[in-house]
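Trainee: I have a new structure to look at, and I would like to understand the words people use for it. Could you go through some of them with me?

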Amino acid sequence: MEDEKIKKKLQENIKIINDNFLNSKDLIVKTFNVCKTKCAIVYLKGLADVKVISEFVLKPAMENKNKIKGNFVEYIKTNIIIFPEIEEVQDFKDMSTDITKGKAFVFLDGYNVALKLEVDSLKERSIQEPPTSAVLKGPREGFVENIKTNIALVKKILSTPNLKVENLKVGKQTNTIISVMFLDNIAEPEIVARIIERIKNINIDGVIDSYYVAQFLEEHRESIFKQVGSTEKPDVVAAKLLEGRVAILVDGSPIVLTLPFMLIEDLQSGDDYYGQHSHAKLVRVIRFISILITVLLPGMYIAIQLYHYKAIPLNFLTTIMNTTTGLPLTPFAEILFVLILFEVLYEASLRMPKYLGLALSVVGALILGDTAVKAGLISPPSVMIVALSGITLYTVPEQANQLSLLRFLNTLAGGILGFYGMILINLFIIIYLNDFDSYGSAYLAPYAPRIKEDLKDAISKVDITNMKKRPKSIPHKNDIRQGG
Amino acid sequence: MKELTEHQVCVLLSLSIISIKFIVFPALYAKFAYQNMYWCAVFSSIIDLFFLGITLWFLKRNPDKTLKEILLENFGKVLTKIIYFILFVYFFAKSVLILKETHNFFLSNLFDEINWFFFIFPFLLLIGYMMYKTIRTIGRTVEIFYVLIAIGLILGLIIPLTNFKLDNILPFLNNGLNPVFSGVFKGNFSYGDYLTIIMLLGKFKVTEKTSSKIFKYWSLTTILVIVFYLTYAGVFNVMGLTQNPAISKLPLNASFPATVSRLDWVTIIIWTILLIFQTGVYMIFCLESFINFTSVTNKSVGIFIVITLLFVSALALYLNLELSVKIVTSNVFAIITILMQVSIPLLLLISEMIKKRRCNNNDLIKKSVKE
């Protein structure tokens, strides 16, 4: 059917459609007349808006008593079906997909064209502040599941003809629309072409969410580290496009992907750019310290207890010794036990109904933790250390999964080989991260390789007036941001 | 696109300068020159500066050529293989010494006892991984740590300043220069850092400012080394010959009499990172030399052989640092090292002369053809 042209005879066209949908009862074919010319509207029950069809197609057609002058198809388009989005099609290409997405087609007897109408009835979620990236200052709009709305949200911010959108379809069964968005005068064409090529090469039966696409875009698929940026906020996407990045929007997903991706991106938050830079500087340093606490603290605690007790002040050592004497578990087993308990509580609280979640946190954190300490199974410092590392984990929520994994690795290394093990494992990870680039950008830039210009917006941040050039870490065409 | 940036080369050179000098060598110099041991560092640095000058002069004239290309072009295949074999032995010996220093450093600072297998096995695994990755990756990684290392070093120097006594370094050169030169001769193994630049020839983009940048980094790091030796002499005086490893004993003995609650453990950790990196860099040079003097072309096989050799050497010496130091400071080894450190820059000079002669000959031929 895909390659066939639309026939002149109405019945033939209806038969082709019916055959394609295996005479499904959901496929509605409603015939009507416009000035003695037989027409038919085809749509899927439940997906197309019947009210709109009745009000704006059937009713005007039946009420029309004027004689047709000139071209019949043009007359219908301008006098009968008054729709803002109406498209003339000559073949059956993509017609089935469009019908399954809620579009309706009007066939006219004696004419080898059909009119495509945007009448989808599915209600979309309203634009809200995304729960994962709430901000104190700055825009609060978040992406929704409808790709058209999402494109419009970005276009609203970047109102320039240089903003290009390339539409692609992926998924043999889902025919999901994927839009690649970039600023033509800034983004590096080679990078854009590479991304489009990769998306075109995706051969999968269905794309349900943008993370399906993200996995295909990763350059090191075996890696545990995140390699594609993601955000739910149009302002963040716009800012990234202005730096020369490329955005990938997937129909049905409120998460927009951005490439190239660098680790430092997750340390940056929208808030940092909408407030005073001195505060942003402080907050970023705090976030960085939080990452270190999350990853290193449990391992260091074990290492100090087991091997390097000389490293801590005597008073502190005495306090720890007093609280850990008589425990049935070794420090290593104790921290591992509390860490696993923390992960279990986290998983359970995520999946439980909201009203039970509160009860769970009370039971888990207060009763379970307190009782375990009182029963002498675990020591208060271990609970405190894991709790602290658990809180700091969410100062960079985008990296929470990776950091959690690194925390386990460091805990194991600290337990087995003390600081030495931790040094080795972290060097191994840093060397590993230094080896991979994401679409022309070094993963650990601007620190490795050191790019002096880009350090202005890294862990430390300068005032926006001092950021006169685009980041060198990201390949781009036009270097000047201010004064050009 | 070159593998390294100018900055990465400077950082690699700086790390190479400080890594080996702060552990056993201060005590070694003190054995010969007592409170004048820092003069050993001064004279050794002056010698190094001379050869660094030759290296930078050569670098300016040959910005894109690798060492292998230069050697093959001017000295032929056989001599190139011999030179690479000598380079392999040199960097291998440095790696073994650092490996042993690291183990010793760990035993005296981080652990009461550590099984040598638990120490060496993950260490070699990481070094093997570093060798598997290119110098580009290592260059990037040291860039992350160099500020941290600099802070650690400066902290390590500030802590003992309270115990510095000017009397300890006086009188200047009271025993003449002979003991100082003996120290320079015996401890020359810890110098010759310009060889790092020579090994990296052709792997980084050379600009107008490259030489001055390298010189700037070299000067700053060398000053730091001399200040460290001066502080060491000022704190320990003649007792310096037993203070091993220096980087750890200096802050410990100077400020904290107790072994518990040391506050300089951050410095210790940073120092460990530095030693691991330096072993990795030297082993990368070893691998490059090994591939160039043998017919092994498979990188993984090369890594396996070199790492096994390192393991066997560690096993043979049973992680005995004193024995390793005895070997590298023996008269025979010292002479070999000096020959090595002198001959490689001289070879560069000779190659430049050969090139000039060739150019002159070519000009003469062209002239005669025209006539």
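Mentor: Gladly! Let us start with pairing: two strands pair if DSSP finds at least two bridges between them. Please keep in mind that this is a predicted model.

Trainee: What makes the five strands of chain A an open sheet, and in which order do they come?

Mentor: The order is β6-β7-β9-β10-β8 (chain A), with antiparallel pairing. At the edges are β6 (163-170) and β8 (229-231) of chain A, each of which pairs on one side only. On average, neighbouring strands of this sheet are turned by 25° against each other, direction ignored.

Trainee: How do you know that β8(A) is paired with β10 of chain A?

Mentor: Count the bridges: three join β8(A) to β10 (residues 256-259) of chain A. Pairing asks for at least two, so these strands qualify. They run antiparallel, and G229(A) stands opposite T258(A) in β10(A).

Trainee: What makes you say that helix α6 of chain A packs on the sheet?

Mentor: Its contacts. Helix α6 (residues 189-200) of chain A touches β6, β7 (176-183), β9 (246-250) and β10 of chain A, and contact means heavy atoms within 4.5 Å. The direction of α6 makes about 20° with that of β6(A). Helix α7 (residues 210-217) of chain A lies across β7, β8, β9 and β10 of chain A, running at about 20° to β10(A).

Trainee: Why is T411(A) called buried?

Mentor: Buried means under 20% relative accessible area. T411(A) has 0%, so the word fits. This residue is found in helix α15 (residues 400-435) of chain A, and among the residues it touches are P298(A), F332(A) and L339(A).

Trainee: And F85(B): why is it called partly exposed?

Mentor: Its relative accessible area is 42%. Buried would need under 20% and exposed over 50%, so F85(B) falls in between. F85(B) lies in helix α4 (residues 67-109) of chain B. Together with V78(B), L79(B), I82(B), I86(B) and V89(B), F85(B) makes a nonpolar surface patch of about 490 Å².

Trainee: Why is helix α2 of chain B described as largely enclosed?

Mentor: Seven of the nine residues of α2 (residues 25-33) of chain B are buried, so the rest of the structure largely encloses this helix. Those buried residues include F25(B), L28(B) and Y29(B).

Trainee: Which residue follows α2(B), and what is its phi?

Mentor: Y34(B) follows, and its phi is positive, near 50°.

How values were computed
Residues numbered from 1 in each chain as written. Chains lettered and ligands numbered in written order. Predicted model: local features only at pLDDT ≥ 70, side-chain atom pairs only at ≥ 80, totals over all residues. Heavy atoms only, no water. Helix = DSSP H or I, 4+ residues; strand = E, 2+ residues; numbered from the N terminus. Axes fitted to C-alpha atoms, helices over the stretch in contact; angles between N-to-C directions. Patch = residues over 30% accessible without salt bridge, like charges linked within 9 Å, V, L, I, M, F, W, Y side chains within 5 Å. Areas by Shrake-Rupley, 256 points an atom, 1.4 Å probe, with all protein chains shown as cover. Salt bridge = Lys/Arg side-chain N within 4 Å of Asp/Glu carboxyl O. Buried < 20%, exposed > 50% of the residue type's maximum accessible area, 1.4 Å probe, protein only. Lists of a residue's contacts leave out its neighbours within four places in sequence.
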